[in-house]
Structure formats: C-alpha cells, structure tokens
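The following exercises are to be worked with the sequence and the coordinates at hand. Each task is followed by a solution in steps.

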Amino acid sequence: MGVVVLLLAGMAHAQGARDLAGTWQGTLPGGRGQRLVLKIAKEGAGWSGVMYNLDADTPSQGRITTQMSLAASQVRFAIAPIEASYEGKLSDDGASIAGTWTQGGQARPLNLARAEGDAQWEIPKATAAMAKDADPDWEVVTVKPTDPNVNNASIRMDGRQFVMENRSVETLLLVGYSAHKKQIVNAPDWIRTERWDVRGVPDVPGQPSIRQMQALARKVLAQRFGLVTHTEKREMEVYALTVAKGGEKMTPSAGDPNGLPDENDRENGGVRTMRAANTSMSDFALIMKFFMDRPVVDQTGLAGRHDFQLKWTFDESKVPTDGSAPAGLFTAIQEQIGLKLEPVKAQTDVLVIDKVERPSAN
C-alpha cells in the first residue's frame, strides 16, 4: 500500500509540475532590463498566454502568444507581431522556467518564475477613457525640433501625455484630418522635410479616443503652427484595403477594445519594420496613408483590434542582393498579414493650406 501511495503521489507531483497555468514573471536583461509578466491559461488540450512588458510605453497592453506548447519539460511560444520567440525548460517542481528569449535575431537569457499572491508584479490598469462628449484642448504643450540622431518615430499617449516623436507637420495634418499627403495642397516643402517633437497634456482627464486625439492634433497645428485651411472636393485614385484569398493572418489583440492603437516603425538598410498592437482596420488604413502613394480606404469588413508585424523593402538599393530582404509593401501585406490593396477611383476631400508657419519658442 505504501508503494502505491508513493507512486500516486509521484504521479500527482509530475502532473502538477507540468501545469503551466498561472502567472510567470522575469526580467529580460539589456539596458535597465525589461520586466515581463506572462499570464498562461489552459485552453482545450493546449495553452494560451498573454505577455505584458511592464517597462514598455504601454505596460497595460498585453500581447497574445502563439504556438504555445509544453512537450515533456520543454516550453515554447512565440509573439509574432514583435518577432519574438521563447524556448525554456520547466523545472521538476514546476516553479520556474529557464530559457532563452529571441527577438529580431538577438537571443538573450530569460528565466521565468511562477508568482502567486503578493509576489506578483502589478500590471498597471489602462488609463480610463476620456468622456465621449469631451472636446479637449491643451493644458500645456511643447513643440521643438527633433534631435537629428533620433531614428525612432511614433505618435502615442503616455499616460495622460500626448507624445509625437520625430514626425513632420505633414504627419500631424494626416492624423488630424484623416488625410493622405496627396490630399494636402498648397503647402510649403518644409512641412514634409522638417521633423518635430510634440509633448502635451490635454485639459480633460482620461485617455482620448482617436477622434479626440485628432482634435488635439488640429489644435496644436492651429495654436503653434498658425494653420489656416479650407477643403475642396476632387476625384482621385485611392487604394481599397481588402482581405486576401486565404484570409487575414493577424493576432486578435488582448488590449483595451476602447483604447488607442499602438504603432511604431523603424527603418534599417532599406527595410522598414512596423509593429502594431490594438489596431483596428480603420486605424491601419489611416496608418498606411503615411507609406502609400494615394489614400487608403478600409473595405476589409474585419471587426475588432489586431496585433501584427509587417516588414517590407522600401529601397532596393540599400538591401542585400542575396535574396534575404523582405518583399515590397504590396506583397508583404498579402503574405504576412493576409490583406491586399486594390486601386480604385473615388471623390474625396482635399485640404488646401492657406497659412502655416514654423512655431515660436515654447
């Protein structure tokens, strides 16, 4: 009987050691380190997870794992939108995982420990939404030229602070008026070539919606750049964004369905990499106006928010000639995220610039 009890106890221990469900956390080395929290749940015969980076710009924004598996003691998962993967070994007692985090071709050690109760790192809550009927203005806002050594470019909300880094006045126009650069006429060249950093706090609490962020962009353009405009209607060629044959290939977002999208892009040797989270297809159509030669209209019919990564060659003269470079944008969109762009004609508004000037000192 004693032998049977011991065998049953050993079986129970082994089963418990193979139970991944729960909260895992660890610090990814590099710079000041990045604290990562992984929430794992049982899903049918497998597992599902959501990863949070507590040292990211949006720590409340979780990213859904893909290809999560546990075979013997080997734990594997990926987070496709950020080009990351993890492989580790679960300890015999099921309390830790020793492994390697690989992202963008760089491998770093990452050890995860099971955390319970007060030992769990707190995941910040998303900022409460701004009142839907609010028309925010700026409590304070600063504008200054971008450091020429900065490569990253983004537009985001950092808590209550609106942040635009390394972007042009043309970008603010595209955001504020949902316009494409071909829809902006009578503008001086410097609005496209000169880069600016904008930081400000709205005079209304809460995280603004896309509509409210657009209002803030229009107001900083009027207040700091002296913008005066009017609109006209013209027919022009546009791209219709649709779902490609075989269906979309994006990850459903674990972010706040009422929150803002999170997008950033980086250029390196003729290749651009875009990472998007909590992004709707109408958001994506607006983002793509920055990279296309004509306006983009969402006709995908896809609801909800998505996470994805898109990598494409934009300058063939700068990429390797050995075939390792990614495809151009049209092919990359279809192959990597299952969408496509089709040219059509439509009547659309154009924004005529009557006046715009460089800002004075803050």
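**Exercise 1. Strand 20 and its neighbours**

Identify the bridge partner of Arg272 in strand 20, and then describe the setting of that strand.

Solution. The residue of strand 20 that forms a bridge with Arg272 is Trp312. The model in which this pairing is found is predicted.

Step 1. Strand 18 and strand 20 are antiparallel and share 7 bridges. Strand 16 (residues 251-252) also pairs with strand 20 in the antiparallel sense, over 2 bridges; there, Pro252 stands opposite His306.

Step 2. Strand 20 spans residues 306-313, and 7 of its 8 residues are buried, so the rest of the structure largely encloses it.

Step 3. Arg272 has a further contact to record: it lies over the face of Phe314, 4.5 Å from the ring centre. Another arginine, Arg294, places its charged end over the ring of Tyr239, at 4.4 Å from the centre of that ring.

**Exercise 2. The order of the open sheet**

Give the strand order of the open sheet of 8 strands, and explain why strand 10 and strand 16 each have one side without a neighbour in the sheet.

Solution. Step 1. The order reads 10-14-12-11-17-18-20-16, and the pairing is antiparallel.

Step 2. Strand 10 (138-145) and strand 16 stand at the edges; each has a single partner strand, so one side of each lacks a neighbour in the sheet.

Step 3. At one of these edges, strand 10 pairs with strand 14 in the antiparallel sense through 7 bridges. Within strand 14, Asp197 is the bridge partner of Lys144.

**Exercise 3. An aromatic pair**

Classify the arrangement of the rings of Trp196 and Phe225, and state where in the chain the two residues lie.

Solution. Step 1. The ring centres are 5.8 Å apart and the planes meet at 85 degrees; since an angle over 60 degrees counts as edge-to-face, the pair belongs to that class.

Step 2. Trp196 is in strand 14 (residues 195-202) and Phe225 is in helix 4 (residues 210-225), so that the pair links parts of the chain 29 residues apart. Both Trp196 and Phe225 are buried.

Step 3. The count of aromatic pairs comes to 6.

**Exercise 4. The largest pocket**

Determine the volume of the largest pocket, and state which strand gives the most residues to its lining.

Solution. Step 1. The volume is about 1,300 Å³. The lining comprises 38 residues, and Gln34, Ile82, Gln103, Asn264 and Arg275 lie nearest the centre.

Step 2. Two or more lining residues come from each of strand 2 (34-43), strand 3 (46-53), strand 8 (96-103), strand 9 (106-115), strand 11 (153-158), strand 17 (262-268) and strand 18 (271-279). Strand 17 gives the most, with 7 residues.

Step 3. Sorted by class, the lining holds 10 nonpolar, 14 polar and 14 charged residues.

**Exercise 5. Burial in helix 2 and at Leu36**

How many residues of helix 2 are buried, and is Leu36 buried or exposed?

Solution. Step 1. In helix 2 (residues 169-176), 8 of the 8 residues are buried; among them are Glu170, Thr171 and Gly176. The helix is followed by Ser178, which has a positive phi near 50 degrees.

Step 2. Leu36 belongs to strand 2. Its relative accessible area is 3%, and the cut-off for burial is under 20%, so Leu36 is buried.

Step 3. The C-alpha atoms of Leu36 and Met51 are 6.9 Å apart, although 15 residues separate the two along the chain.

Conventions. Residues numbered from 1 in each chain as written. Predicted model: local features only at pLDDT ≥ 70, side-chain atom pairs only at ≥ 80, totals over all residues. Heavy atoms only, no water. 1 Å grid on protein atoms, 1.4 Å probe; cavity = no way out; pocket = protein on both sides within 12 Å on 5 of 7 lines; lining within 4 Å. Points joined across faces, edges and corners; volume = space filled by probe spheres on them. Helix = DSSP H or I, 4+ residues; strand = E, 2+ residues; numbered from the N terminus. Nonpolar A, V, L, I, M, F, W, Y, C, P; charged D, E, K, R; others polar. Buried < 20%, exposed > 50% of the residue type's maximum accessible area, 1.4 Å probe, protein only. Phe/Tyr/Trp six-rings, centres within 6.5 Å; stacked < 30°, edge-to-face > 60°. Lys NZ or Arg CZ within 6 Å of the ring centre and 35° of its normal. Pairing = 2+ DSSP bridges.
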